[in-house]
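Subject: Structure for you to look at

Hello,

Here is the structure I promised to pass on. Please open it next to this email and follow along.

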Amino acid sequence: MQEQSTVFLIEKLLKPANDVRSILRWGYPKFATIRFVADHSQLSAEERHILTRVIMPPDRTVSRAKKKIGCKETGNRDILLDGYNVLLTVDSLLKKEPMWFCDDSYIRDTRFYFSKAKHAQDIEEALETVLDLLSETGPNTSTFLLDAQISRSGELAGLIRRRMQEKGIPGDARTSKHVDFDLKKEGGKPESDIVVASSDGIIIDSVLQVLDIPACLMEKRGIEPLRLY
């Protein structure tokens, strides 16, 4: 039943998605374009959210895709992880939520919008999955950055440090009041060889190299993402 509903959803969104792409090629703003097309197609709030997550302006699709590194290219590299972004997306994958291959070549979930604080305490399986991947791919160091404003982030950082030590993964986990700024600063230095793990478009636009951990896990498990084309 869920598979049938997903097929129906994709069929319903294909034409609106292509209409949005066609208009964006003329340089119109993304959000206004999606609102215009969604109103015309009478899309629900969740369906509009999917278009917003999946569809990108043409200039973003090229520039972001060029920054993406392969899953096996992390050996002897330093990785900076956008903690909640990565863990919550992997949590969606493990819970078999819809995972979309977006226009800029990154995998994103479309859980209609949740509170990070609500789900942050329910991601230990996602953490173990990510740590196992890091252990296999062997980066030089892996550092998780967590939003300090989210409840119990300090406890989660402590758990991550303990599990990394137990698994023999070099690195750290820490909280920050300005995670986005830290990621963009460290990953955007011209001389930096740091790889940032995130699917946040604003962060991707500001750094030099990006690792898509959910995509790596899906490739490893033979899971095909949903596509709107």
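Below is what I found, topic by topic.

One caution before the details: this is a predicted model.

**The disulfide**

The count comes to one disulfide. Cys-71 and Cys-216 form it, with their sulfur atoms 2.2 Å apart. The torsion about the S-S bond is about -95°, so this disulfide is left-handed. Cys-71 sits in the loop between helix 4 and strand 1, while Cys-216 belongs to helix 11, so the pair ties together parts that are 145 residues apart in sequence. Cys-216 is buried, at a relative accessible area of 6%.

Why does Cys-102 not bond to the closest cysteine sulfur? The partner in question is Cys-216, and its sulfur is 15 Å from that of Cys-102, too far for a bond. A disulfide needs the two sulfur atoms within 2.5 Å. Cys-102 is itself buried, with 1% relative accessibility.

**Salt bridges**

The structure holds 23 salt bridges. Side chains of opposite charge can pair when their charged atoms come close. Three pairs are worth a look.

- Asp-39 and Arg-48: the closest N and O atoms are 2.8 Å apart. Asp-39 is partly exposed, with a relative accessible area of 45%. Arg-48 is also partly exposed, at 25%.
- Asp-212 and Lys-68: here the closest N and O atoms are 3.5 Å apart. This pair links distant parts of the chain, 144 residues apart. Asp-212 is in the loop between strand 7 (210–211) and helix 11 (213–221), and Lys-68 is in the loop between helix 4 (58–67) and strand 1 (78–82). Asp-212 is buried, with a relative accessible area of 2%. Lys-68 is partly exposed, at 28%.
- Glu-224 and Arg-227: the closest N and O atoms are 4.0 Å apart. Glu-224 counts as exposed, at 61% relative accessibility. Arg-227 counts as partly exposed, at 31%.

Note the loop between helix 4 and strand 1. Lys-68 of the salt bridge lies there, and so does Cys-71 of the disulfide.

There is also a network. Salt bridges link Asp-59, Arg-60, Arg-64, Asp-104, Arg-108 and Asp-205.

**Asp-104**

Asp-104 is one of the residues in that network. Where is Asp-104 found? Its place is the loop between strand 2 (99–101) and strand 3 (107–109). Asp-104 counts as buried, at 0% relative accessibility. Leaving aside residues up to four places away in sequence, Asp-104 touches Met-56, Arg-60, Thr-61, Arg-64 and Ala-65. Arg-60 and Arg-64 are also members of the network. Leu-24 is 80 residues from Asp-104 along the chain, and their C-alpha atoms are separated by 14 Å.

**Ser-92**

Is Ser-92 buried or exposed? Ser-92 is buried, with a relative accessible area of 0%. Ser-92 is found in helix 5. Its contacts, not counting residues up to four places away in sequence, are Glu-97, Met-99, Asp-109 and Arg-111.

**Helix 8**

Helix 8 covers residues 153–167, which is 15 residues. At 1.5 Å a residue, helix 8 should span 21 Å. Its end C-alpha atoms are 21 Å apart, so the two values agree.

Which residues of helix 8 are buried? They are Ser-153, Leu-156, Ala-157, Gly-158, Leu-159, Ile-160 and Met-164. What covers these buried residues includes helix 5 (83–94), helix 7 (124–137), strand 4 (141–147) and strand 5 (171–176). Helix 5 is also where Ser-92 is found. Just after helix 8, Gly-168 takes a positive phi of about 70°.

**Cavity**

Rolling a probe the size of a water molecule over the atoms shows where empty space is left. Searching the whole structure finds one cavity of 30 Å³ or more. About 30 Å³ of space lies in it. The lining is made by Cys-71, Thr-74, Leu-133, Leu-134, Thr-137, Leu-211 and Ile-213. Helix 7 gives the largest share of that lining, with three residues. Cys-71 of the disulfide is also one of the lining residues.

Best wishes

Methods:
Residues are numbered from 1 along each chain as its sequence is written. Side-chain values use heavy atoms; hydrogens and water are left out. Helices (H or I, at least four residues) and strands (E, at least two) are DSSP runs, numbered from the N terminus. The expected span of a helix is 1.5 Å times one less than its number of residues. Buried means under 20% relative accessible area, exposed over 50%, partly exposed in between (1.4 Å probe, protein chains only). Contact means heavy atoms within 4.5 Å. A salt bridge is a side-chain nitrogen of Lys or Arg within 4 Å of a carboxyl oxygen of Asp or Glu. On a 1 Å grid over the protein atoms alone, a cavity is a set of points where a 1.4 Å probe fits but cannot get out, and a pocket is an open set with protein on both sides within 12 Å along at least five of seven lines; lining residues have an atom within 4 Å of a point. Grid points are joined across faces, edges and corners, and a volume is the space filled by probe spheres set on the points.
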